[in-house]
Amino acid sequence: MNRGYLIENYTVTDKKNYVPPVKIVNEVLEKFNGKFLVATPKSKNLFGTPLEVVVVIEFKSVKNAQEFYNSKDYEKYKKLYENTTRGWISLAPEYFR
């Protein structure tokens, strides 16, 4: 089964109301077999123009990642994210050779 990854890159536009994802999403992630691999505003840029925060969340499957993202449990955080940041989220399957 292919692991699934949610990859996020964003800039915080409302620092007063923003809550870092690891403070509120860990409990929900466990329910969908997910875990944070990266969640930091301190990555070192090597090329291009990334936004401020980089997040990578690993799931046991692409299906788990999709279910998490579309879940009622995650909905509250999605609204917070949409209202306090500007950026993008992608869902990607694990790479196999």
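**From a loop residue to the nonpolar core**

Asn 33 sits in the loop that joins α2 (26-31) to β2 (34-40). The model under discussion is a predicted one. Although Asn 33 is not a glycine, this residue has a positive phi of about 60 degrees. With a relative accessible area of 35%, Asn 33 is partly exposed.

From this loop the account passes to the charged side chains. Side chains of opposite charge can pair when their charged atoms come close. The count of salt bridges in the model comes to five. One of them joins Glu 58 to Arg 3, with 3.9 Å between the closest N and O atoms. Glu 58 belongs to strand β3 (residues 53-59), while Arg 3 belongs to the segment before β1 (4-12), so this pair ties together parts of the chain that lie 55 residues apart in sequence. The two partners differ in their surroundings: Glu 58 is buried, because its relative accessible area of 11% falls under 20%, whereas Arg 3 is partly exposed, at 33%.

Glu 58 has a further partner. Lys 35 also forms a salt bridge with Glu 58, and here the closest N and O atoms are 3.8 Å apart. Because Lys 35 lies in strand β2 and Glu 58 in strand β3, the pair ties together parts that are 23 residues apart in sequence. Lys 35 is partly exposed, with a relative accessible area of 46%. Taken together, Arg 3, Lys 35 and Glu 58 are linked in a network of salt bridges. In this network the buried residue is Glu 58, and its partners Arg 3 and Lys 35 are both partly exposed.

Another salt bridge involves loop residues. Glu 52 pairs with Lys 15, the closest N and O atoms being 3.3 Å apart. This pair links distant parts of the chain, 37 residues apart: Glu 52 is in the loop between β2 and β3, and Lys 15 is in the loop between β1 and α1 (21-24). Glu 52 is partly exposed, at a relative accessible area of 30%. Lys 15, by contrast, is exposed, because its value of 58% is over 50%.

The helices offer a further view of the packing. Helix α3 (residues 62-70) packs against helix α4 (residues 72-84) at an angle of about 65 degrees, and their axes are 6 Å apart. On the α3 side the contact consists of Phe 68, Tyr 69 and Asn 70, which meet Lys 72, Tyr 74 and Lys 78 of α4. Sorted by class, the contact comprises three nonpolar, one polar and two charged residues.

Phe 68 leads from this helix pair into the interior. The largest nonpolar core has 18 residues, and Phe 68 is among those with the most contacts inside it, together with Tyr 10, Val 25, Leu 29, Ile 57 and Phe 59. At least two residues of this core come from each of β1, α2, β3, α3 and α4. Strand β3 supplies the largest share, four residues. Strand β3 is also where Glu 58 lies.

Which residues does Val 25 touch, not counting those up to four places away in sequence? They are Phe 36, Phe 68, Tyr 74 and Tyr 77. Two of these, Phe 68 and Tyr 74, also take part in the contact of α3 with α4.

Notes. Residues are numbered from 1 along each chain as its sequence is written. This is a predicted model: local features need pLDDT of at least 70, side-chain atom pairs count only at pLDDT 80 or more; totals for chains, interfaces and linings use all residues. Side-chain values use heavy atoms; hydrogens and water are left out. Buried means under 20% relative accessible area, exposed over 50%, partly exposed in between (1.4 Å probe, protein chains only). A salt bridge is a side-chain nitrogen of Lys or Arg within 4 Å of a carboxyl oxygen of Asp or Glu. Axes are lines fitted to C-alpha atoms, for helices over the stretch in contact, and angles run from 0 to 180 degrees between N-to-C directions. Contact means heavy atoms within 4.5 Å. Ala, Val, Leu, Ile, Met, Phe, Trp, Tyr, Cys and Pro count as nonpolar, Asp, Glu, Lys and Arg as charged, and the others, Gly among them, as polar. A nonpolar core is a set of buried Ala, Val, Leu, Ile, Met, Phe, Trp, Tyr and Cys residues joined through side-chain atoms within 4.5 Å.
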